[in-house]
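Here are a few notes to read alongside the model, meant for someone opening it for the first time. Have the sequence and the 3D view side by side as you go.

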Amino acid sequence: MPRLSEADLREEICRLGVSLFERGLTFGSAGNISARLEDGWLMTPTNVSLGRLDPARLSKLDAAGKLVSGDPPTKETFLHRAMYEERQQAAAVVHLHSTYSVAVSVLAEVDAANVLPPITAYYAMRVGRLPLVPYHPPGDLGLAEAVRKLAGKHHAVLLANHGPVVAGSSLDAAANAIEELEETAKLFLLLRGSRLRLLTKEQVAALKPA
């Protein structure tokens, strides 16, 4: 697939932001989206709703994360940088404070090595194993290092008491994966207390990543 131009990437980020906002996957000024450029990346600005993004005002950062143009970037830029530096093939990163994923992230009994079980084939293909990153206060750079330790092996992580961060080979891939994660979190909460028929290890192994 040919690489999108910077102008097209700007439009795609804003399109995705509106879609996520209108479907209740983000609210207020929560959540952020980024897309890799050849010499850095584009990032949603700080304190701006994903439903009201302006393509011309997106933050443009260089490879070191320094603002080149546009409005100041989200305070969670370091999460995206950690993902890009550890996953050289990642073309986009989406981070949300989506309701069901956050709800799962505060449950005391979840497995920190793999928070959600393989309820569906699509979750297994698009997300796979989902580690829980220990809680850090907003803006704490220690969170970036905690994410960095996991990002090399996992393209999706769940921040405790915070929300998911997902990298993908494209904006659509990252969005599809984080939406699948949110829907699986919802199913997981709906099914709590019930006996589950999960996919077996063999069934998961037979699936190809989406």
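1. Let's start with Glu-179, which lies in helix H6 (helices are DSSP runs of H or I with at least four residues, strands are runs of E with at least two, and both are numbered from the N terminus). Glu-179 counts as partly exposed because its relative accessibility is 23%; buried means under 20% relative accessible area, exposed means over 50%, and partly exposed is in between, with a 1.4 Å probe and protein chains only. Leaving aside residues up to four places away in sequence, Glu-179 touches Leu-20, Arg-23 and Leu-25, where contact means heavy atoms within 4.5 Å. Glu-179 and Arg-126 sit 53 residues apart in sequence, with 9.6 Å from C-alpha to C-alpha.

2. A word on where this comes from: the model is predicted, so local features need pLDDT of at least 70 and side-chain atom pairs count only at pLDDT 80 or more, while totals for chains, interfaces and linings use all residues. Residues are numbered from 1 along each chain as its sequence is written, and side-chain values use heavy atoms, with hydrogens and water left out.

3. Next, the inside. Which residues touch the most other members of the largest nonpolar core? They are Leu-116 and Leu-130, in a core of 38 residues. A nonpolar core here is a set of buried Ala, Val, Leu, Ile, Met, Phe, Trp, Tyr and Cys residues joined through side-chain atoms within 4.5 Å. Two or more residues each come from helix H1 (6–22), strand S1 (32–37), strand S5 (92–95), strand S7 (156–159) and helix H6 (171–190). H6 gives the most, with eight residues.

4. Take a look around Leu-130. Not counting residues up to four places away in sequence, Leu-130 touches several others, among them Ala-113, Leu-116, Tyr-123, Val-157 and Leu-181. There is also a second, separate core of 20 residues, which includes Met-43, Leu-61, Leu-79 and Ala-146.

5. How many aromatic pairs does the structure hold? Just one: Trp-41 and Tyr-84, tilted, at 5.4 Å centre to centre with 40° between the planes. Rings of Phe, Tyr and Trp (its six-membered ring) pair if their centres lie within 6.5 Å; planes under 30 degrees apart are stacked, over 60 edge-to-face, and the rest tilted. The pair links distant parts of the chain, 43 residues apart, with Trp-41 in strand S2 (residues 40–43) and Tyr-84 in helix H2 (residues 77–86). Trp-41 counts as buried because its relative accessibility is 4%, and Tyr-84 counts as buried at 2%.

6. H2 is also worth viewing with helix H5 (residues 142–151): their axes come within 9 Å and cross at roughly 25°. That makes H2 and H5 roughly parallel to each other, since angles under 35 degrees count as roughly parallel, over 145 as roughly antiparallel, 65 to 115 as roughly perpendicular and the rest as oblique. The contact includes Phe-78, Leu-79 and Ala-82 of H2 and Leu-143, Ala-144 and Val-147 of H5. Lys-149 is in H5 too, and is exposed with a relative accessible area of 73%.

7. Finally, two asparagines to check. Asn-47 has a positive phi of about 55° although it is not a glycine, and is found in the loop between S2 and strand S3 (59–62). Asn-47 counts as exposed at 60% relative accessibility. Asn-161 has a positive phi near 55° and sits in the loop between S7 and strand S8 (163–168).

Note on methods. Axes are lines fitted to C-alpha atoms, for helices over the stretch in contact, and angles run from 0 to 180 degrees between N-to-C directions.
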